[in-house]
Amino acid sequence: MNSHSDGPGSALLKKIYSLYQEAMGEMDQVCKEKCGYCCTCNVTLTSLEAGFLINSLSMEKRKDIQNRVRQKFPAKRYIPKMTTNMFARMCMENQDIPEEENDPAWGTCPLLENDLCTIYESRPFGCRALMSEIHCSKEGYAKIPPLVLTLNTLFLQVIEHLDQKGFSGNLSDLLAVVLSDNSQTDMPDQINDISSERLFVHNEKISVLMVPPEHQKELEPLIGKLQDLLKKKN
Ligand code: SF4
Ligand code: SF4
């Protein structure tokens, strides 16, 4: 794997994941092992996270993931038209927001087996951010407190900023590229080669943080810690 995915960005990403876990420690949730209702084929991630994920796996495990993605590649899946930072910027600039299609009924994540995640320790932020105060499988939907929604958006913005030269896309699409047999070049270059298929979106730096006034005071210390981490990258 190339330097893009195992450089300082990955070390910072690990710290960001830890900070999120710390911040979520106090939140009430019913999520538990073998509850895979939220593991759909619509999860997205950044190229940095895809590299981090693959780098954390043995060669044997990479092969296994490659086979899973090949065999269970979802026919219909969420393909993002914008990233979180792009959305924030477009709102700030009063631009029209493109419509997107996303339906959990399109199927499960190719990396789910017997209701367990096969790459749990390295799962991307999009998976870490899934939580609910009620049982989704019984109710048919997740109940996420407003503060957690704000936290999730904040972390998505920070991770994208960290990978601002990279891309975002559906997990199946990005892993298919990262695990392709001819993946000798730098990952963003590979993605550039096929981005004409409109599968991936360029990441952006943070233009504005989407933290509503009612959460700003409470999240101030955490935002400070995240800003300190981002400064280390520069
Ligand atoms: S978000 Fe819902 S489906 Fe996912 S682990 Fe939590 S309760 Fe289960
Ligand atoms: S990567 Fe793992 S946690 Fe994420 S959706 Fe797939 S099975 Fe679930």
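What follows is a walk through a predicted model, from its nonpolar core to its strands, its two ligand sites and one loop.

The core is a good place to start. In general, nonpolar side chains in soluble globular proteins tend to be buried together. Here the largest nonpolar core takes in 31 residues, and the ones with the most contacts inside it are A50, F155, I159, L174 and L175. Several helices chip in: α2 (8-24), α3 (47-55), α4 (59-71), α8 (146-162) and α9 (171-178) each bring at least two residues to this core. The largest share belongs to α8, with 7 residues.

Helix α3 deserves a look of its own. It is mostly covered, as 8 of its 9 residues are buried. The buried set runs through S47, L48, E49, A50, G51, F52, L53 and I54. A50, one of the core residues with the most contacts, touches L45, L174, L175 and V178 once its neighbours within four places in sequence are set aside. Two of these partners, L174 and L175, are also on the list of residues with the most contacts inside the core.

Next come the strands. β4 (residues 167-170) pairs with β1 (residues 44-46) in the antiparallel sense, over 3 bridges. Within that pairing, T46 has S168 as its bridge partner. β4 is also joined to β5 (residues 200-202), again by 3 bridges and again antiparallel. In this second pairing, F167 sits opposite H202.

Then there are the ligands. Around ligand 1 are V30, C31, C35, Y37, C38, L130, M131, S132, H135, C136 and A142. Sorted by class, that shell holds 9 nonpolar and 2 polar residues, with no charged ones. Ligand 2 has its own set of surrounding residues: C39, V43, C109, L111, L112, C117, I119, R123 and C127. This shell breaks down into 8 nonpolar residues, no polar ones and 1 charged residue.

Last is the loop between β2 (112-113) and β3 (116-117), where N114 is found. D115 lies in the loop between β2 and β3 too. Phi of N114 is near 50 degrees, a positive value in a residue that is not glycine. For D115, also a residue other than glycine, phi is positive as well, near 65 degrees. N114 counts as exposed because just 7 other C-beta atoms lie within 10 Å, where the cut-off for exposed is 12 or fewer. D115 is exposed too, because it has 12 other C-beta atoms within 10 Å.

Technical notes
Residues are numbered from 1 along each chain as its sequence is written. Chains are lettered from A and ligands numbered from 1 in the order in which they are written. This is a predicted model: local features need pLDDT of at least 70, side-chain atom pairs count only at pLDDT 80 or more; totals for chains, interfaces and linings use all residues. A residue is near a molecule or strand if its C-beta atom, placed from the backbone, lies within 6 Å of it. Ala, Val, Leu, Ile, Met, Phe, Trp, Tyr, Cys and Pro count as nonpolar, Asp, Glu, Lys and Arg as charged, and the others, Gly among them, as polar. A nonpolar core is a set of buried Ala, Val, Leu, Ile, Met, Phe, Trp, Tyr and Cys residues joined through C-beta atoms within 7 Å. A residue is buried if 20 or more other C-beta atoms lie within 10 Å of its own, exposed if 12 or fewer, and partly exposed in between; C-beta atoms are placed from the backbone. Helices (H or I, at least four residues) and strands (E, at least two) are DSSP runs, numbered from the N terminus. Two residues are in contact if their C-beta atoms, placed from the backbone, lie within 7 Å. Two strands pair if DSSP finds at least two bridges between them.
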